[in-house]
Amino acid sequence: MAQESPKNSAAEIPVTSNGQLEDSHEHSFNRDLKCSLPVGLGLSETKITSHGFDSTKEGVVEAGPFPGFSASPKSSVISPSSAAASRLAGQGCDLIIPTGARAQQKSGPVVLADEVKNPAMEKLELVRKWSLNTYKCTRQIISEKLGRGSRTVDLELEAQIDILRDNKKKYENILKLAQTLSTQLFQMVHTQRQLGDAFADLSLKSLELHEEFGYNADTQKLLAKNGETLLGAINFFIASVNTLVNKTIEDTLLTVKQYESARIEYDAYRTDLEELNLGPRDANTLPKIEQSQQLFQVHKEKYDKMRNDVSIKLKFLEENKVKVLHNQLVLFHNAIAAYFAGNQKQLEQTLKQFHIKLKTPGADAPSWLEEQ
C-alpha cells in the first residue's frame, strides 16, 4: 500500500495528451487523456511514473509499446486532441496575434497597376509631332514656290475653286454698291418727306399759293412713300446676297482651305516617302520607310476625303446660288422699274410677290400709354 501511494499521487498530476503540464482541473485531465488514448486502451495500461515532487521531471508520461503490438516506430508527431482543439477555438478571442502575422493575413494579392502616363510627356510628344508636321509642310510650300517640288493638282476642281473665288469678289462688289444705293435712297426719301411737310405747311399759310404748295406736298409725300417701298425691296436684296456671300460661299471656301492644307500635307509626306525609297534599304532605313508609308497612307485618305467634300459643297453651292440670285435679280429689276415708272400698284405687287413686309415708321416705338 505504501508503494501504491506515489503512483496515485502522480496520476493526479494534470498532464495533456502532448505530454505537457496544464493548469486545469482534475476532470479536464481525465477527459483529455481518455480521448487521446487509442480505442480499447484503458488508463490501467498506461505506465505513469513520478520521481517525486523534488525531481525536475514531474508528471512525465512514459508511453511504451503495448504488448502484442509490433508496428514499426513512427516519427514523433504531436497531434492535439479534438477536445483541446475545441477549447482553443472557443478561446480564439483571447489569442494575441503578432503584428507581423496580422500584416501577412490582411495583405492580399498585389496587383500592379499600369504605369500612369505623365501629362507633361504627352504634351511634349504632341508638340514634337506638330513641329515635325509643320516643318515638312513649310518645306513643301517653299519647294513649290521655288519650283523645285512637285504639286498634286486636280485640274477640274482647281478651276471650280478659282471661279468661286472670282465670283465671290464680284458679288462683294455688287453688295457694296447696293448698300451705297440703299443709303443714298434712304437720304433721298428722308429729304422728300421733309420737303413734303414743308410744302404742306406753306400751303396752309399762303392763301395765294395754297393749291400749288399742296400739289407739291402731295407729290413729295407720294415719292417718299414709293421710295420707302423701293428701299424695302433693296434691303431685302442686300440681306439675301449678304447671306449668300458671307455665309454660304464663305463656308465653302473654309472647306477649300482645309482641302488645300490636306493637299500640302499629302504632298509633303509623299515627297518624304519618295526620298526614302530612293535611298539605300538596310536594317536602319526599312523601319523608317514603313513608318513613312503608314503616314503617307493616312494623309492620302484625308486628302481624298477633303477633295470629295469640296466637290459636293461646290455642287450644292452652285444650285443654291442660281436659285437665290434668280429670285433676287427679278425682285430688284421689277422694283426699280415700277418705282421710276411711277407705277405704285406694280411696286406694291412686287413686294407681295416676294413676301416682303414693310415696317411702318414708328411701329416699333411704344405708345405713350406703354411708356407710362
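**Exercise 1. Which helix holds both Asp201 and Lys205, and how many residues apart are they?**

Solution. The model used here is a predicted one, and the first step is to place the two residues. Asp201 and Lys205 both belong to helix H6, where they are four residues apart, about one turn of the helix. The second step is to look at their side chains, which form a salt bridge whose closest N and O atoms are 3.5 Å apart. The third step is to ask how each partner stands towards the surface: Asp201 has a relative accessibility of 36% and therefore counts as partly exposed, while Lys205, at 62%, counts as exposed.

**Exercise 2. Describe the overall make-up of the chain.**

Solution. Begin with the elements, which are ten helices and two strands. Next, follow them in order along the sequence, which gives the pattern α-α-β-β-α-α-α-α-α-α-α-α. Then turn to burial, where 26% of the 372 residues of the chain count as buried. Finally, consider the contacts in the chain with a separation of 6 or more, of which 74% are accounted for by residues 24 or more positions apart.

**Exercise 3. Check whether the span of helix H7 agrees with its number of residues, and find where H7 is kinked.**

Solution. Helix H7 covers residues 210-278, which is 69 residues, and at 1.5 Å a residue it should span 102 Å. The C-alpha atoms at the two ends of H7 are 98 Å apart, which agrees with the expected span. The remaining step is to locate the kink, which is about 35° and is centred on Glu250.

**Exercise 4. Work out how Tyr259 and Tyr303 are arranged, and compare the treatment of a second pair, Tyr339 and Phe340.**

Solution. The structure holds six aromatic pairs, and Tyr259 with Tyr303 is one of them: the ring centres are 5.7 Å apart and the planes meet at 25°, so the pair is stacked, given that planes under 30 degrees apart count as such. This pair links distant parts of the chain, since Tyr259 lies in helix H7 and Tyr303 in helix H8 (residues 285-340), 44 residues apart. Both Tyr259 and Tyr303 are buried.

For Tyr339 and Phe340, the ring centres are 4.9 Å apart and the planes stand at 85°, so this pair is edge-to-face. Here the partners fall into separate burial classes, because Tyr339 has a relative accessible area of 10% and is buried, whereas Phe340 reaches 65% and counts as exposed. As a last step, follow the ring pairs onward from Tyr259, and they join Tyr259, Tyr266, Phe296 and Tyr303 into a cluster.

**Exercise 5. Which elements give two or more residues to the largest nonpolar core, and which residues there touch the most other members?**

Solution. The largest nonpolar core has 41 residues, and those that touch the most other members are Ile161, Leu185, Ile249, Tyr259 and Val310. The elements that give two or more residues to this core are helix H6 (155-205), H7, H8 and helix H9 (344-353). Among the contributors, H7 gives the most, with 17 residues. To see the surroundings of one such residue, take Leu185, which, once residues up to four places away in sequence are set aside, touches Gly227, Leu230, Leu231, Ile234 and Tyr339.

**Exercise 6. Trace the salt bridges of Glu144 and the network that includes this residue.**

Solution. The structure holds 20 salt bridges, and Glu144 takes part in one with Arg151, with the closest N and O atoms 4.0 Å apart. Arg151 counts as partly exposed, because its relative accessibility is 40%. Glu144 also forms a salt bridge with Arg263, where the closest N and O atoms are 2.6 Å apart. Since Glu144 lies in helix H5 and Arg263 in helix H7, this pair ties together parts that are 119 residues apart in sequence. Arg263 counts as buried, because its relative accessibility is 6%. Taken further, salt bridges link Glu144, Arg151, Glu158, Arg263, Asp267, Arg270 and Glu274 in a network.

**Exercise 7. Is Lys136 buried or exposed, and which residues does Lys136 contact beyond its neighbours within four places in sequence?**

Solution. Lys136 lies in helix H5 (residues 119-146). Its relative accessibility is 10%, and since buried means under 20%, Lys136 counts as buried. Apart from those sequence neighbours, Lys136 is in contact with Ala268, Tyr269 and Asp272.

Methods: Residues are numbered from 1 along each chain as its sequence is written. This is a predicted model: local features need pLDDT of at least 70, side-chain atom pairs count only at pLDDT 80 or more; totals for chains, interfaces and linings use all residues. Side-chain values use heavy atoms; hydrogens and water are left out. The expected span of a helix is 1.5 Å times one less than its number of residues. The bend at a residue is the angle between axes fitted to the seven residues ending there and the seven starting there. Rings of Phe, Tyr and Trp (its six-membered ring) pair if their centres lie within 6.5 Å; planes under 30 degrees apart count as stacked, over 60 as edge-to-face and the rest as tilted. Buried means under 20% relative accessible area, exposed over 50%, partly exposed in between (1.4 Å probe, protein chains only). A nonpolar core is a set of buried Ala, Val, Leu, Ile, Met, Phe, Trp, Tyr and Cys residues joined through side-chain atoms within 4.5 Å. Contact means heavy atoms within 4.5 Å.
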